[in-house]
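Q: Please take a close look at one part of this model, the place where two helices pack against each other. Explain each term as it arises.

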Amino acid sequence: MCIRDRVSTQSTGVALAALMAATDTRVQQLTDLFTKVDVDGGGTLDQDELKEAFGEELGSKLLSDLDEDGDGELSMEEFVDGMQAKFPGDALNAKIEELQKALA
């Protein structure tokens, strides 16, 4: 393996590590948001909790967009996975920031 290939491999490894760290941070931020909104501690977010935290329009939109099983509540998995799927890359960072500000 030539030096250029080794540097390229190392750069790819560093980039992958940075991506994984960013993903871990976003997952933690989403988990923290979920926990703050789950005021009754039931392990799901219902329509009332979402609307109380984020307002009528955004709360309803989150529920309709992320409720995969149609039970009218968001599990932690639905919330975290759904947010990552719906808002890829920098869009997720912006949405997390928007939701954090709504809770402040």
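A: **The packing of α4 and α5**

Helix α4 and helix α5 (residues 90-103) pack with their axes 9 Å apart and at an angle of about 130°. Here an axis is a line fitted to C-alpha atoms, for helices over the stretch in contact, and angles run from 0 to 180 degrees between N-to-C directions. Helices (H or I, at least four residues) and strands (E, at least two) are DSSP runs, numbered from the N terminus. The two helices α4 and α5 are therefore oblique to each other; angles under 35 degrees count as roughly parallel, over 145 as roughly antiparallel, 65 to 115 as roughly perpendicular and the rest as oblique.

On the α4 side, the contact is made by Phe79, Met83 and Gln84, and on the α5 side by Leu92, Lys95 and Leu99. Contact means heavy atoms within 4.5 Å. By type, the residues of this contact comprise 4 nonpolar, 1 polar and 1 charged. In this classification Ala, Val, Leu, Ile, Met, Phe, Trp, Tyr, Cys and Pro count as nonpolar, Asp, Glu, Lys and Arg as charged, and the others, Gly among them, as polar.

The model is a predicted one, in which local features need pLDDT of at least 70 and side-chain atom pairs count only at pLDDT 80 or more, while totals for chains, interfaces and linings use all residues. Residues are numbered from 1 along each chain as its sequence is written, and side-chain values use heavy atoms, with hydrogens and water left out.

Phe79 also takes part in the 1 aromatic pair that the structure holds. Its partner is Phe34, and the pair is tilted, at 6.0 Å centre to centre with 50° between the planes. Rings of Phe, Tyr and Trp (its six-membered ring) pair if their centres lie within 6.5 Å; planes under 30 degrees apart count as stacked, over 60 as edge-to-face and the rest as tilted. The pair links distant parts of the chain, as Phe34 lies in helix α1 (residues 3-37) and Phe79 in helix α4 (residues 76-86), 45 residues apart.

Phe79 is buried, at 1% relative accessibility, and Phe34 is buried as well, with a relative accessible area of 3%. Buried means under 20% relative accessible area, exposed over 50%, and partly exposed in between (1.4 Å probe, protein chains only). Of the 104 residues of the protein chain, 27% count as buried.

These helices belong to a protein chain with 5 helices and 2 strands, which follows the pattern α-β-α-α-β-α-α along the sequence.
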